[in-house]
Amino acid sequence: MVSLRFPVSLIGNKGVCTDILYVQTEYQFQPCPASKVRHNLVSKVRHNLVIVLPILTFLIIAIFCLLYLRHMHIAIMNKYAKAMTATKNGDLFCIWNYDGTIAYEDIITQTENFDMKYCIGTGAYGSVYKAQLPSGKVVALKKLHGFEAEVPAFDESFRNEIKVLSEIRHRHIVKLYGYCLHRRIMFLIYEYMEKGSLFSVLCDDVEAMELDWRKRVNIVKGIAHALSYLHHDCINPIVHRDISASNILLNSEWEPSVGDFGTARFLSLDSSNRTIVAGTIGYIAPELAYSMLVGEKCDVYSFGVVALETLVGRHPKELSSSLQSASTDNGITLCDVLDQRLPQPTMSVLLDIVHLAIVAFACLNPNPSSRPTMKCISQHFLTQFTPLSIPLREISLQQLMSQELRHYLNL
C-alpha cells in the first residue's frame with residue numbers, strides 16, 4: 001500500500017496497491033485486498049453466531065413451552081377442582097391429598113373399599129375407619145352407613161359438619177381434611193386422634209391411669225378454650241350442642257380436640273334460635289326440655305358435666321346422692337369423689353383441680369343466666385390461680401357449690 005508521496009519507480013509495480021481512489025485512477029494501482037486479521041475476526045464471529053444462535057433460540061423456545069405447560073396445568077387443575085366441588089344431582093365431592101391432588105382413589109385403596117378390618121369405631125349412624133395415605137399421613141374417616149345415607153336428617157348432619165368445620169380453625173377443634181357426599185357413599189376425612197375419645201379412655205382402667213391429674217387439668221382447659229373460640233371469636237357465634245366425653249378426642253400427647261359438629265349451629269342475632277332438642281342424654285342443659293331455645297349457655301352446662309366427669313373418672317350422675325347429701329352434710333370432700341384409680345394429687349395440682357371443680361359446679365347452675373360464659377372461664381384458666389385460705393384437702397362439695405367461692409374466683 002502506498003501514500004500520496006512515493007517514488008516514481010513504484011509506478012506500474014504489480015505488487016503495489018492502494019485504497020486511495022485518485023492514485024488508483026492516475027497510476028493504475030490495484031485496490032488493496034481486505035486485512036487477513038480482519039477477515040479472520042469476521043470469520044470467527046460468523047462461526048460463533050452459527051453455533052450460539054440455534055442454542056439460544058432453542059432455550060428461549062423451551063422456556064416458553066415450560067411456562068405454557070405450567071399455565072395449562074394450573075388452569076386444568078383449577079377447572080378440575082371446581083368441577084369436583086360443584087354440586088350435581090345433590091352430590092358434593094371435595095377430597096384432597098397433601099400434595100394438592102385428588103385422593104379419592106387413595107381412600108378407597110387404603111381402606112380396601114372400607115373393609116371392616118380398618119374400622120376403629122361404630123356409632124349410631126356411621127363407622128370410623130383408620131387409613132394411611134400414600135404421603136404417610138394417617139387420617140380418620142367417618143363413613144355414613146349405606147342405608148342411612150338416604151335419610152335426610154343424617155345427610156343434613158354431614159353437610160352441617162362440613163359447613164362449620166370449613167369455616168373455623170383452632171388447635172383444640174378437630175381438623176377436617178376432606179369429604180365425599182354422594183348418593184352412594186358419604187364420608188368425612190379428619191385428622192387422626194391416636195388416643196380416641198375421652199369417654200373410652202376413662203372407661204379403660206389402664207388408660208385412665210395413664211391420664212394423670214395434670215393431663216386431665218389440661219384437657220379441661222383445652223375444651224374451655226375451644227368453646228370460648230366458638231362462642232366469642234367466630235364471626236357468627238357457633239353452638240356445638242353436643243359436648244360430651246365421647247366427642248372430646250385425644251391425640252398422642254393427650255391434647256384434646258372437640259369433634260362431631262353434626263348438630264352444631266350458627267347463632268342468628270335476629271331470630272329466636274329455637275330448635276329441636278339435640279345432644280347426648282346426661283349432658284343436655286335442663287332448660288332445653290321446656291324452652292327449646294338454644295344458646296351458648298347450653299354448651300356451658302355440657303362443659304360443666306364433662307369437666308366433672310374428667311375429675312371423678314365417670315359420669316357425674318353417679319354423684320347425685322353425694323350432691324344431695326352435701327346440702328346438709330359437710331363431710332363429703334372433693335378428694336372423696338375424685339377418680340380413685342389415681343393417687344391423690346399433689347398440693348400444686350390439687351389447687352388447679354379445686355378451681356376446675358368450682359368452675360364446673362358454676363356451669364351446672366339450673367339458671368342459664370347464672371352460668372359463667374366460656375370466655376370468662378377461658379380467661380380465668382389463663383390467669384394465675386389465687387391461693388385459697390382454706391385447706392384444699394378439706395374442701396367439701398357444699399363449699400364448691402357455694403356463691404362464696406364462686407365470687408372469690410370472679411365467676
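This is a guided tour of a predicted model, taken one selection after another.

**Stop 1: a three-stranded sheet**

Select β7, β9 and β10. These strands form an open sheet in the order β7-β9-β10, and their pairing is antiparallel. Which strands stand at the edges? They are β7, residues 196-197, and β10, residues 256-258; each has a single partner strand, so one side of each is left without a neighbour in the sheet.

Now keep β7 and β9 on screen. Strand β9 covers residues 248-250, and two bridges join β7 to it. To find one position where the strands face each other, select G196 and L250: G196 stands opposite L250 in β9.

Next, add helix α7, residues 213-233. The helix lies across β9 and β10, and it runs at about 30 degrees to β10. Keep α7 in mind, as the tour returns to it.

**Stop 2: strand β6 and its partners**

Select residues 186-191, which make up strand β6. Is this strand enclosed or open to the outside? Six of its six residues are buried, so β6 is largely enclosed by the rest of the structure.

Add β4, residues 138-144. Five bridges join β4 to β6, and the two strands run antiparallel. Within this pairing, V139 has E191 of β6 as its bridge partner.

Then add β5, residues 176-181. Five bridges join β5 to β6, again with an antiparallel run. Here G178 can be selected together with its bridge partner in β6, I189.

**Stop 3: the largest pocket**

Some of the strands just visited reappear here. The largest pocket has a volume of about 850 Å³. How many residues line the largest pocket? There are 31, and V128, K142, S246, N247 and L249 lie nearest the centre. Select those five to place the pocket on screen.

To see the wider lining, colour the elements that give two or more residues to it: β2 (119-122), β3 (126-132), β4, β6, β7 and α5 (198-203).

**Stop 4: salt bridges**

Side chains of opposite charge can pair when their charged atoms come close. The structure holds ten salt bridges, and three of them are visited here.

Begin with K117 and E112. Their closest N and O atoms are 3.1 Å apart. K117 is exposed, with a relative accessible area of 57%, while E112 is partly exposed at 41%.

Move to R171 and E255, which form a salt bridge with the closest N and O atoms 3.5 Å apart. This pair links distant parts of the chain: R171 is in the loop between α4 (152-165) and β5, E255 is in the loop between β9 and β10, and 84 residues separate the two. R171 is exposed, with a relative accessible area of 58%, whereas E255 is partly exposed at 33%.

The next pair is R216 and D339, with the closest N and O atoms 2.9 Å apart. R216 lies in helix α7, and D339 lies in the loop between α10 (334-337) and α11, so the pair ties together parts that are 123 residues apart in sequence. Are these two residues buried or exposed? Both R216 and D339 are buried. Add D205 and R341 to the selection: salt bridges that share partners join D205, R216, D339 and R341 into one network.

**Stop 5: H355 in helix α11**

Select residues 347-363, helix α11, and pick out H355 within the helix. H355 has 0% relative accessibility; buried means under 20%, so H355 counts as buried. What is H355 in contact with, leaving aside its neighbours within four places in sequence? Show H380, F385, T386 and L409 to see these contacts.

**Stop 6: C298 in helix α8**

For the last stop, select residues 296-312, which form helix α8, and find C298 there. C298 counts as buried, at 6% relative accessibility. Not counting residues up to four places away in sequence, C298 touches A285, E287, L288, L293 and R371.

Finish with a distance between C-alpha atoms, from C298 to L364. These two residues are 66 residues apart in sequence and 9.9 Å apart in space.

Definitions and conventions
Residues are numbered from 1 along each chain as its sequence is written. This is a predicted model: local features need pLDDT of at least 70, side-chain atom pairs count only at pLDDT 80 or more; totals for chains, interfaces and linings use all residues. Side-chain values use heavy atoms; hydrogens and water are left out. Two strands pair if DSSP finds at least two bridges between them. Helices (H or I, at least four residues) and strands (E, at least two) are DSSP runs, numbered from the N terminus. Contact means heavy atoms within 4.5 Å. Axes are lines fitted to C-alpha atoms, for helices over the stretch in contact, and angles run from 0 to 180 degrees between N-to-C directions. Buried means under 20% relative accessible area, exposed over 50%, partly exposed in between (1.4 Å probe, protein chains only). A salt bridge is a side-chain nitrogen of Lys or Arg within 4 Å of a carboxyl oxygen of Asp or Glu. On a 1 Å grid over the protein atoms alone, a cavity is a set of points where a 1.4 Å probe fits but cannot get out, and a pocket is an open set with protein on both sides within 12 Å along at least five of seven lines; lining residues have an atom within 4 Å of a point. Grid points are joined across faces, edges and corners, and a volume is the space filled by probe spheres set on the points.
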